[in-house]
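Trainee: I am new to this structure and would be grateful for a close look at a single part of it. Please begin with one pair of charged residues and then show me how that part fits into its surroundings.

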Amino acid sequence: MLAPSLLLRALGKAPPSTEVSAPLLPRSQAEMAAPCALTLPSPLSVSSSSPRRSRRSGVVAMASVGQKVYAPGVAVSEGNGGLPKIDIKSPHGSEAEIYLFGACVTSWKVPNGKDLLFVRPDAVFNGQKPISGGIPHCFPQFGPGPMQQHGFARNMNWSITDSEVIEGDPAVTLELKDDSYSRSMWDFSFQALYKVALHSTSLSTTLKITNTDDKPFSFNSALHSYIRVNCSFVKETKSYSFTKHIIVLVLTSILAVQASISGVSVKGLKGCKTLNKDPDPTNPLEGKEEREEVTFPGFVDCVYLGAPSELTLDNGLGDKIVISNANWSDAVLWNPHLQMEACYKDFVCVENAKIETLLLEPKQSWVAEQKIELI
């Protein structure tokens, strides 16, 4: 059972504390009512930062700060709303898109053309509101709290610091530093480095947070991954005849019926401590997950404390997606059900998270990795 102090802070009934704790920061009602081959190292923890950048064999670096020539398979183009985005393409046929606004991965296509990520139909690409979908960042706050929902990292422009080719596959590193906007909410100096590496059937990310201030700070974080669970994988084309177009629409409609959210499940969470925000997000129920497979029969919003390093998602269409991590200690499952009636059958959020507040001393760093793989 969770300590009373944890639950009190989770419910916002205890004063802030700088000690390491595990506050629940529930999703706001306003947000939920809105329309709609890398080998992971052993878990990394707080470490001293160093300006020296390690290199491995098979790594070709092609870009650094300010350069506009990128490694093979990496390009920058204009995306939705005129926002700049990074296009990365693997020689194996996989592709990904990353918007500099929020460092948000909005698309990841495996060689057969399937896009395994989902962007909500109400997503706005205007550089003012966080992009709703893909893999948004939650930093330095998860959920509601003293600053804006999920923190400011998803609502700021990141910059490209490096691109490289690792064993034939492209990777790009993005950077975020404090400025007057972030300091208006969180008065600390920091550096966030986010590396995205593309492989044939997997997408891996590494997030490194460094305290560049002269005083300690505390934070928590998450990758709010939207995983597609419907069948809208038909690639756009202008060469369809009218008859072929009708056939595609009919087949898509049939498959969409088969891809009910009820066919989706997540394995690997049995035995975890839970903070379940159904039926009342403001008064979560503490418990323990007893199911081998967690399903999505209705509204789901649940925090899993002490989650394992690997979860398996069945998308209801015969695909198995393994979501593994190093140093993300917790997990969150979310599906808004009828609160987003237009799109709730199209995605589930399987989020790697650090719910426990983490304290970093000056010059210390925290690193966490994630890999999403189609098997």
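Mentor: A residue is called buried when its relative accessible area is under 20%, exposed when that area is over 50%, and partly exposed when the value falls in between. Please keep in mind also that this is a predicted model.

The pair I have chosen is K85 and E97, which form a salt bridge whose closest N and O atoms are 3.4 Å apart. K85 belongs to strand β4 (residues 84–89) and E97 to strand β5 (residues 95–99), so the salt bridge ties together parts that are 12 residues apart in sequence. The two partners fall into separate classes of exposure. E97 has a relative accessible area of 26%, so it counts as partly exposed. K85, with a relative accessible area of 10%, is buried because this value is under the 20% limit.

The two strands that hold this pair belong to a wider arrangement. Four strands make up an open sheet in the order β3-β4-β5-β6, with antiparallel pairing. At its edges are β3 (74–78) and β6 (104–109), each of which pairs on one side only. From one strand to the next, the twist averages 20°. Strands β3 and β4 run antiparallel and are joined by 5 bridges. One residue of our pair takes part here as well: K85 is the bridge partner of S77 in β4. Thus K85 is engaged with E97 through a salt bridge and with S77 through strand pairing.

A search of the whole structure finds 16 salt bridges, and two others are useful for comparison. K195 forms one with E164, and their closest N and O atoms are 3.1 Å apart. This pair links distant parts of the chain, since K195 lies in strand β10 and E164 in strand β8 (residues 159–166), 31 residues apart. In this case the lysine, K195, is partly exposed, because its relative accessibility is 22%, whereas E164 is buried at 3%. The other example joins K215 to D213, again with the closest N and O atoms 3.1 Å apart. Here K215 counts as partly exposed at 32% relative accessibility, and D213 counts as buried at 11%. This last pair does not stand alone: D213 and K215 are linked with D178, R183 and D187 in a network of salt bridges.

Strand β10 leads us from charged pairs to the nonpolar interior. In soluble globular proteins, nonpolar side chains tend to be buried together. The largest nonpolar core of this model has 68 residues, and within it Y194 and L269 touch the most other members. Strand β10 (residues 190–198) gives the most to this core, with 5 residues. L269 touches E289, V294, Y304, A307, P308, L311, A331 and L333, leaving aside residues up to four places away in sequence. Another core, of 9 residues, lies apart from it, and its members include F142, A222, L305 and A353.

Strand pairing appears elsewhere too, and strand β23 (residues 364–374) shows it on two sides of the account. Strand β11 (residues 202–211) runs antiparallel to β23 and is joined to it by 9 bridges; in β23, W366 is the bridge partner of I209. Strand β20 (residues 320–326) also pairs with β23 in the antiparallel sense, over 6 bridges, and there S324 has K371 as its partner in β23. Of the 11 residues of β23, 9 are buried, so this strand is largely enclosed by the rest of the structure.

L359, in strand β22 (residues 347–360), offers a contrasting detail. Its relative accessibility is 30%, so L359 counts as partly exposed. L359 and P216 are 143 residues apart in sequence, while their C-alpha atoms are 6.9 Å apart in space.

Finally, the whole protein gives the setting for these parts. Its secondary structure comes to 4 helices and 23 strands. Of its 375 residues, 53% count as buried; K85 is one such buried residue, at 10%. The protein exposes about 16600 Å², of which carbon and sulfur atoms supply 55%.

Note on methods:
Residues are numbered from 1 along each chain as its sequence is written. This is a predicted model: local features need pLDDT of at least 70, side-chain atom pairs count only at pLDDT 80 or more; totals for chains, interfaces and linings use all residues. Side-chain values use heavy atoms; hydrogens and water are left out. Buried means under 20% relative accessible area, exposed over 50%, partly exposed in between (1.4 Å probe, protein chains only). A nonpolar core is a set of buried Ala, Val, Leu, Ile, Met, Phe, Trp, Tyr and Cys residues joined through side-chain atoms within 4.5 Å. Contact means heavy atoms within 4.5 Å. Two strands pair if DSSP finds at least two bridges between them. Accessible areas come from the Shrake-Rupley method with a 1.4 Å probe; for residues, only the protein chains shown count as cover. A salt bridge is a side-chain nitrogen of Lys or Arg within 4 Å of a carboxyl oxygen of Asp or Glu. Axes are lines fitted to C-alpha atoms, for helices over the stretch in contact, and angles run from 0 to 180 degrees between N-to-C directions.
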